[in-house]
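I opened my notebook for this one and went through the structure piece by piece. Have the coordinates at hand and follow along.

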Amino acid sequence: MVTADAPGFLQGLLDPKLVFNGLAPASLEDALVQLAERVAAAGEVSDAADLTRRLLEREKLGCTGLGGGVAIPHCKLNGVDDIVLAIATVPAGVDFHAPDGVPVTLIFLILSPAQSPALHLQALARISRLLKTAGVADALRRAPTPEALVASLREAEDGVAVEGRA
C-alpha cells in the first residue's frame with residue numbers, strides 16, 4: 001500500500017486534469033459546487049450533487065479553511081478506489097470561515113475510499129506538512145497552468161523529501 005510518507009506521494013495523485021486555475025466562486029458553497037462538478041466532469045465521481053452534499057456536510061462538522069488562504073475540503077466516498085486529489089486556485093479569494101479570516105485562494109480537495117480511513121488521514125497530513133514549507137502555497141497560487149502547478153508541487157514535494165533526510 002502506498003503511504004503518504006513515500007516520496008512523490010502527492011504528485012503521483014495529481015493529474016493536470018484535476019487542477020482548476022482561476023475559479024471564481026461567489027461563496028464557500030459555490031466553490032464546493034464548482035469543484036464537485038469539475039471532478040465529476042473529469043470522470044472521478046459519478047454524481048456531482050452527491051459529492052457537493054457530502055462536502056457541505058463535512059464543512060458543518062468543522063471548517064476546512066486552515067488559514068493563510070488555504071482550505072482542504074475532504075470526505076470519504078464509497079465507489080472511489082484510490083485517493084483523488086484536486087487543486088483549485090481562487091484569485092479573488094472566497095470566505096471559507098477560516099480562523100484567521102483570510103479569504104481562501106488555494107483549495108486542495110481530497111476524496112478517499114470509505115474503506116481506507118488511514119490513507120485519508122495520511123493524505124491530509126502530507127498536504128498539511130507540505131504547506132508548512134515556506135513559499136509552497138504562494139508558488140502553487142502563481143502557477144499559470146495546471147501543468148505548471150503540478151511541476152511546482154513536484155518541486156516542493158521533492159524539497160520536503162530532501163529536508164526530511166537531512
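Below are my entries on one helix, two single residues and a few strands.

**Before starting.** I reminded myself that this is a predicted model.

**Helix H3.** I began with the length. H3 has 14 residues, and its first and last C-alpha atoms are 20 Å apart, close to the 20 Å expected at 1.5 Å a residue. Next I looked up which residues of H3 are buried: they are Ala-48, Leu-51, Thr-52, Leu-55 and Glu-59. Looking down the axis, I found these buried residues within an arc of 100°, so they line one face of H3. The general rule helps here: an α-helix has 3.6 residues a turn, so residues three or four places apart point the same way.

I then asked what the buried residues of H3 pack against. The partners are helix H2 (28-41), strand E4 (74-77) and strand E6 (104-113). On the face turned away from the buried side I noted the exposed residues Ala-49, Lys-60 and Leu-61.

I also checked the N-terminal end of H3, where Asp-47 acts as a cap. One of its side-chain oxygens is 3.1 Å from the backbone nitrogen of Ala-49.

**Thr-64.** I moved on to the loop between H3 (48-61) and strand E2 (65-67), where Thr-64 lies. Is Thr-64 buried or exposed? Its relative accessibility is 3%, and buried means under 20%, so I put Thr-64 down as buried. Leaving aside neighbours within four places in sequence, I listed its contacts as Arg-58, Glu-59, Val-70, Ala-71, Ile-72, Pro-73, His-74 and Phe-96. Glu-59 is familiar from my list of buried residues in H3.

**Leu-77.** This residue belongs to strand E4. With a relative accessible area of 5%, Leu-77 is buried too. Beyond its neighbours within four places in sequence, I found Leu-77 in contact with Val-45, Leu-51, Arg-54, Leu-111, Ser-112, Pro-113 and Ala-114. I also looked up its distance to Ser-116, which is 39 residues away along the chain: their C-alpha atoms are separated by 9.7 Å.

**Strand E5.** How many of the eleven residues of E5 (84-94) are buried? I noted nine, so this strand is largely enclosed by the rest of the structure. For pairing, I found E5 joined to strand E1 (19-20) by two bridges, with the strands running parallel. Phe-20 stands opposite Ala-88 there. Seven bridges join E5 to E6, and these two run antiparallel. My last note was on Val-94, whose bridge partner in E6 is Val-104.

Note on methods: Residues numbered from 1 in each chain as written. Predicted model: local features only at pLDDT ≥ 70, side-chain atom pairs only at ≥ 80, totals over all residues. Heavy atoms only, no water. Helix = DSSP H or I, 4+ residues; strand = E, 2+ residues; numbered from the N terminus. Buried < 20%, exposed > 50% of the residue type's maximum accessible area, 1.4 Å probe, protein only. Contact = heavy atoms within 4.5 Å. Expected span 1.5 Å × (residues − 1). Arc of directions from axis to C-beta. Polar contact = N/O pair within 3.5 Å; in protein donor to acceptor, adjacent residues only side chain to side chain. Pairing = 2+ DSSP bridges.
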